[in-house]
Amino acid sequence: MTMSRGLRAFLVGCTAVVLTIVYVPLALVLLNSFNVSKSFAWPPSGLTLRWWQAAGHSTGARHALLVSVEVGLLATAVSLVLGTMAALALQRARFFGRNAVSLLIILPIALPGIVTGLALNNAFTSLFGLQLGFFTIVVAHATFCIVTVFNNVQARLRRMSESLEEASADLGARPFTTFRLVTFPLLRSALLAGGLLAFALSFDEIIVTTFTAGGHEQTLPIWIFQNLFRPNQTPVVNVVAAALIVLSAVPIWLAQRLSQEVEGAVSAAP
Amino acid sequence: MRESGQTPSIRLVDLAKDFGSVRAVAGVDLEIADGEFFSMLGPSGSGKTTVLRMIAGFEPPTRGRIELAGADVTDDPPFARDVNTVFQDYALFPHMSVLENVEYGLRVKKVARAERRRRAVEALETVRLGEHVARRPSQLSGGQRQRVALARALVNRPKVLLLDEPLGALDLKLRREMQIELKQIQREVGITFVFVTHDQEEALTLSDRIAVFNDGRVQQVATPRELYEQPGSAFVAGFVGTSNLLDGPAARAVIGRDGVFSIRPEKIHLDPAADLGGLAGAHTVEGVVREVVYLGSANHYVVELDVPGGSAGASTTLTVLRQNLDTAAEDPAERRGDRVRLAWLPEHVIELGTAAPVSTPTTQESA
C-alpha cells in the first residue's frame, strides 16, 4: 500500500472511533445483564446470574421468542421460494416491463416501515377481512425478506454463465434435472446467505410487526418494547437484549463467510 | 468426400433467424456429410454461431428446417438432439470435478455408475488427459479445460460434435497444438465435426470442407483448396487469403478486359527479369514498392501499380509474397520506393465475375 504514515494513523483512528461508538453500548448491555444492581449502577458492585435465571423463567419472553423464531423461519421459507423464482424469471427470461418488475420487488426494503405497516394493516383488515395475528405477521415480513433472497440470487445468476445451463441441456438433461444438478448447487450458498439475512431482518422487525400483529401475538422485539418501561422487568429485558446480540451475530457472520467463499469459487470458474 | 445418395449427417433447409429486427441468418441451405470435418468460417456477426446454436437447439429458427441423419429435429429441445457442443467458454460445471463433468451426460441418461466411470476415463484418455481427474475446472489450465470440454462432449458418442470457436481462448502456440490434436481425435472417433471459427488459417488447416459466411448467408461451400484457388466472390477471395483485387479501369489496363479479378500474392513474380524464362504469355505491370512487411521466411511487398485506379477510384495496389531465398545480403525494407516490374501467368488470374464488389471486404493476412 502506498499510504502515508499520517493518513494511515488517521484512518485507523476513525475506524477505532466508529467501532467504539457502536460496540461500547452493546458491551454495556452484555455486562449489565450480569450486574447485581437492578438499576444498573455503574460500576457494577458485583456480578450475578440471577437475571438470566429470571429471564429463563419468564413465560412472556419465552413465548415471544418462539413466535419470533417461527415467524422468521416461515417468512424466510416463503422468501426463498418466491425470491428465487422471481430472480430466475427476471434474469433468464426477456419480457416487457422486466426492469419495472425488478424495481417493484426491491422497493419494499426501501419503503419506510411505518408506511408498509399502515398499508398492510389497512389491506389485511378492510380489504381481505383477515384477523390480524401470526399469519399476517408472516406475510408482512415476507414482503421485505424476499428482497435479500432476490438480490443474492440475482447477483449470483448474473455472474453465472448461461452456457452452463445450455451445456447441461446439450448433454441431455431436462430442465428440472438442469436445475437440480447445475443451477441449484451453484445458487446454494447465495440462497443460504440471502436466507440468513432474511431471517435476521424478520427477527428484529418491530414497526411493520406492530401494525400487523394484532392484540394477541407478540414477537420478541415487541415484548421487549412493551416491558422496557416496567421497572421490575428491566433486568430481564436486558438479559433478552444481551441474548439477542449473541444470536443475531451468528447468522450475519455465517452469511458473510459464505458469500466470501463463493466469491472465490464462482469467479475462479472458467 | 460426399457420396450422393447417402443421407447427410446434417441438412439445413432455408434456415433463418431474426433477433427482433436484426436478421442474423438469412436463409441457409447446407448439407454436411457423415464423418466430415466441416467448418463455418466468417467474420463476427456473419451468422455462423447462430447457425451452430440452432443446430444444437439453443435458438429456435424463425424459418426453415434442421435435419439430423434424415430426421426433422427443428422443434426438438436441445436435450432430445443427438448432438453435443463444445462451448467457446467451455461451460464446465465449476462445482464438479473433471471426472464428474465428463460423466454428466451419461449420468443424466441413467447409465450405470461403473459403466459411466469406465467411459469417462476412456474419453479423458482420448483427449490425452488421463490425470487430474479429481480436480475442479478452476484448477486447470486453459488447454486442459479445453480437453475436458471435448471429453465431456465425446463421451456421449454423439452423431455430430458442434464446436463454437473452441480454440479462441488459447494462445497461439497452444492453439496450433490443439488444431493438430483435434484433427487426430476427429479421425479416431470418426464422427461429424461442425467447427465455427473466424480464423481462415484454422479453417483451411482442419477442414474437409468450409462454408464461408457473410451477412447471414453462405457465400461459398468448398474444399480448402477450391476456396483458396477458386474463390467464388470478392468477399471470399478477401476473407480467405489476401484478395489483391483488380477491377474497373485497372482490370482493363492490366488484364485487358472488364471484370473483377484476383491474383494470390505468392503467384506474382517481382522483378521477373531474371526468371521470366518460363513466363511466356505472362501479364506484366510496373509499379512502385510502397511497403515491405518482413515475415521471417518471406516478405510482403505492397506495390502501387502504374495504372488507372479501380472502380473505387483509389490507386490500385497488389501484395506480392516473396520467399526469402537470397535476401540475407540486402535489407528488404530498403526496397521501399523502388520501381519494380510484376508478372504472373494468366492461369493464376481468378475471375470473380463482371460486377464490381459492393464493398471492399476485410482483408485477412495469413502471417
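What follows is a walk through a predicted model of two protein chains, A and B.

Let us begin with how far the model can be trusted. The model as a whole scores ipTM 0.82 and pTM 0.79. Chain A has a mean pLDDT of 87, with 95% of its residues reaching 70 or more. For chain B the mean pLDDT is 86, and 89% of its residues reach 70 or more. These averages hide some variation along each chain. Among the elements of chain A, helix α7 (residues 162–170) has the highest mean pLDDT, at 94, while helix α11 (residues 234–268) has the lowest, at 74. Within chain B, strand β3 is where confidence is highest, at 96, and helix α9 (residues 248–254) is where confidence is lowest, at a mean of 82. One stretch of chain B calls for care: over residues 356–367, pLDDT stays under 50. The model does have 26 contacts for this stretch beyond four places in sequence. As a general rule, predicted coordinates should not be read in detail where pLDDT is low.

Now turn to chain A. Its secondary structure comes to 11 helices and zero strands, so if you follow the chain from the N terminus you will meet α elements in succession. The C-alpha atoms of chain A fill a box of roughly 70 × 65 × 30 Å along the principal axes. Of the 270 residues in chain A, 40% are buried. The contacts in chain A also say something about how its parts are brought together: among those between residues at least 6 apart in sequence, 71% join residues at least 24 apart.

Chain B, in contrast to the strand count of zero in chain A, gives us sheets to look at. One is an open sheet of four strands in the order β2-β1-β4-β5, with antiparallel pairing. Strands β2 and β5 (71–72) of chain B stand at the edges of this sheet; each has a single partner strand, so one side of each is left without a neighbour in the sheet. To see how one of these edges is held, look at strand β4 (residues 63–68) of chain B, which is joined to β5(B) by two bridges, the two strands running antiparallel. Here L68(B) has A71(B), in β5(B), as its bridge partner.

Another open sheet in chain B has three strands, in the order β11-β12-β18, and its pairing is antiparallel too. Its edges are β11 (245–246) and β18 (349–351) of chain B, each with a single partner strand, so one side of each has no neighbour in the sheet. Two bridges pair β11(B) with strand β12 (residues 261–263) of chain B in the antiparallel sense. Within this sheet, L245(B) stands opposite S262(B) in β12(B).

Before leaving chain B, pause at E36(B), which sits in the loop between β2 (22–32) and β3 (37–41) of chain B. Is E36(B) buried or exposed? E36(B) has a relative accessible area of 3%, and it counts as buried because that value is under 20%. The side chain of E36(B) also has a partner, in a polar contact of 2.4 Å with the side chain of R209(B).

Finally, look at where the two chains meet. In this interface, 22 residues of chain A are in contact with 26 residues of chain B. The size of an interface is often given as the accessible area lost when the parts come together. For chain A and chain B this buried area is about 2100 Å², 66% of it on carbon and sulfur atoms. Nine residue pairs are in polar contact between the chains, counting pairs with both residues at pLDDT 80 or more. On the side of chain A that touches chain B, the elements giving two or more residues are α7 and α8 (175–203) of chain A.

How many salt bridges are there between chain A and chain B? The count is one, and E166(A) and R53(B) meet in a salt bridge through their side chains, at 2.7 Å from N to O.

A further place to visit at the interface is S161(A), in the loop between α6 (134–159) and α7 of chain A. S161(A) is partly exposed, with a relative accessible area of 26%. Leaving aside residues up to four places away in sequence, S161(A) touches R92(A) and D89(B). With D89(B), the link is a polar contact of 3.0 Å between the side chains.

Terms used: Residues are numbered from 1 along each chain as its sequence is written. Chains are lettered from A and ligands numbered from 1 in the order in which they are written. Side-chain values use heavy atoms; hydrogens and water are left out. pLDDT is the predictor's confidence in each residue, from 0 to 100. Two strands pair if DSSP finds at least two bridges between them. Buried means under 20% relative accessible area, exposed over 50%, partly exposed in between (1.4 Å probe, protein chains only). A polar contact is a pair of N or O atoms within 3.5 Å; within protein, one must be able to donate a hydrogen and the other to accept it, and residues adjacent in sequence count only if both atoms are side-chain atoms. Contact means heavy atoms within 4.5 Å. Buried area is the accessible area (1.4 Å probe) that two parts lose on being put together, summed over both. A salt bridge is a side-chain nitrogen of Lys or Arg within 4 Å of a carboxyl oxygen of Asp or Glu.
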